[in-house]
Amino acid sequence: SLRILAIAVLGRHGNPLFLKSYATRRGPEADLKWHYAAHTSLDFFEERELAAAKTTEAYLGLLYAMEDYAVYGYQTNTRIKFVLVLALADAVVRDLDVKTIFRAIHNSYIGYISNPFSSTETDNPATLAAPIRSRKFSSAMDRIAGEQPPPPPAQSVPDQPAVMAS
């Protein structure tokens, strides 16, 4: 089983739209590592984009690996980039498994941008898209990463008086 450490969605201009850590260590300093990984991946996206100018393959595969994690990339035809950070393990990572994860991320993103109330990127190159702040999108990423959502808060029901049947 693949262990997802972080999922990032980067805009057409490389701006972070969404980044969530699933590593055991969390917090501002730990999350900075995943921001760095996502930002570093932009160079690899540009490199692959130039090399295969008109490719239809959205999956870019392994972009780079560090000592404890591997970074995979996927780019939509609208140049939105998905970055997946996986923990390095002794097990072999199959492209099919990673592609399946990226398809699920892409489908969730399509669901997000299909909402007429979501603020998505415009065709105006001077403006950047707003970050994704959708709870539904975030919980979809949690499910993809294998995180269990927290249980809903218990709702207090007022005590009902017992009704006697006559």
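Student: Which residue takes a positive phi in the hairpin of β1 and β2?

Tutor: Gly14, with phi near 85 degrees. The hairpin has 5 residues between its strands. Keep in mind that this is a predicted model.

Student: How many bridges join β1 to β2, and do the strands run parallel or antiparallel?

Tutor: There are 5 bridges, and the two strands run antiparallel. Take one partner pair as a landmark: Ala8 is bridged to Leu19 in β2.

Student: How many bridges join β1 to β5?

Tutor: Here 6 bridges join the strands, again in an antiparallel arrangement. Ile7 has Leu84 of β5 as its bridge partner. So β1 has pairings with β5 and with β2, which means both count as paired under the rule of at least two bridges.

Student: How many residues of β1 are buried?

Tutor: 7 of its 7 residues, so the strand is mostly covered; the cut-off for buried is under 20% relative accessible area.

Student: Now the helices. What span should α2 have, and how far apart are its end C-alpha atoms?

Tutor: Helix α2 covers residues 95-113, which is 19 residues. At 1.5 Å a residue, the expected span is 27 Å. The end C-alpha atoms are 26 Å apart, so the two values agree.

Student: Where do the buried residues of α2 fall when seen down its axis?

Tutor: They fall within an arc of 160 degrees, so they line one face of the helix. The buried set is Val98, Ile101, Phe102, Ile105, His106, Ser108, Tyr109 and Tyr112. On the face turned away from that side sit the exposed residues Leu96 and Asn107.

Student: Which elements do the buried residues of α2 pack against?

Tutor: Five strands and one helix are listed: β1 (4-10), β2 (16-21), β3 (59-65), β4 (69-75), β5 (81-87) and α3 (135-145).

Student: What describes a pair of aromatic rings?

Tutor: Two values do: the distance of the centres and the angle of the planes. By the pairing rule, the count here is 9 aromatic pairs. In one of them, the ring centres of Tyr109 and Tyr112 are 6.3 Å apart and the planes meet at 40 degrees, so the pair is tilted. These two tyrosines are 3 residues apart in helix α2, separated by about one helical turn. Both are buried.

Student: Which parts does the pair of Tyr112 and Phe137 tie together?

Tutor: Tyr112 lies in α2 and Phe137 in α3, so the pair ties together parts 25 residues apart in sequence. The ring centres are 5.8 Å apart, with planes at 55 degrees, so this pair is tilted. Tyr112 and Phe137 are both buried.

Student: Which residues form the aromatic cluster?

Tutor: Phe18, Tyr59, Tyr74, Phe82, Phe102, Tyr109, Tyr112 and Phe137 form one cluster.

Student: Let me try a single residue. Is Thr40 buried or exposed?

Tutor: Buried. Its relative accessible area is 18%, and the cut-off is under 20%. Thr40 is placed in helix α1, residues 28-51. Its side chain reaches the backbone oxygen of Tyr36 at 2.7 Å.

Student: And Gln75: which residues does Gln75 touch?

Tutor: Leaving out residues up to four places away in sequence, Gln75 touches Phe45, Glu49, Ala58, Ile80 and Lys81. Gln75 lies in strand β4. Its relative accessible area is 14%, so Gln75 is buried.

Methods. Residues are numbered from 1 along each chain as its sequence is written. This is a predicted model: local features need pLDDT of at least 70, side-chain atom pairs count only at pLDDT 80 or more; totals for chains, interfaces and linings use all residues. Side-chain values use heavy atoms; hydrogens and water are left out. Helices (H or I, at least four residues) and strands (E, at least two) are DSSP runs, numbered from the N terminus. Buried means under 20% relative accessible area, exposed over 50%, partly exposed in between (1.4 Å probe, protein chains only). A polar contact is a pair of N or O atoms within 3.5 Å; within protein, one must be able to donate a hydrogen and the other to accept it, and residues adjacent in sequence count only if both atoms are side-chain atoms. The expected span of a helix is 1.5 Å times one less than its number of residues. The arc is that of the directions from the helix axis to the C-beta atoms. Contact means heavy atoms within 4.5 Å. Rings of Phe, Tyr and Trp (its six-membered ring) pair if their centres lie within 6.5 Å; planes under 30 degrees apart count as stacked, over 60 as edge-to-face and the rest as tilted.
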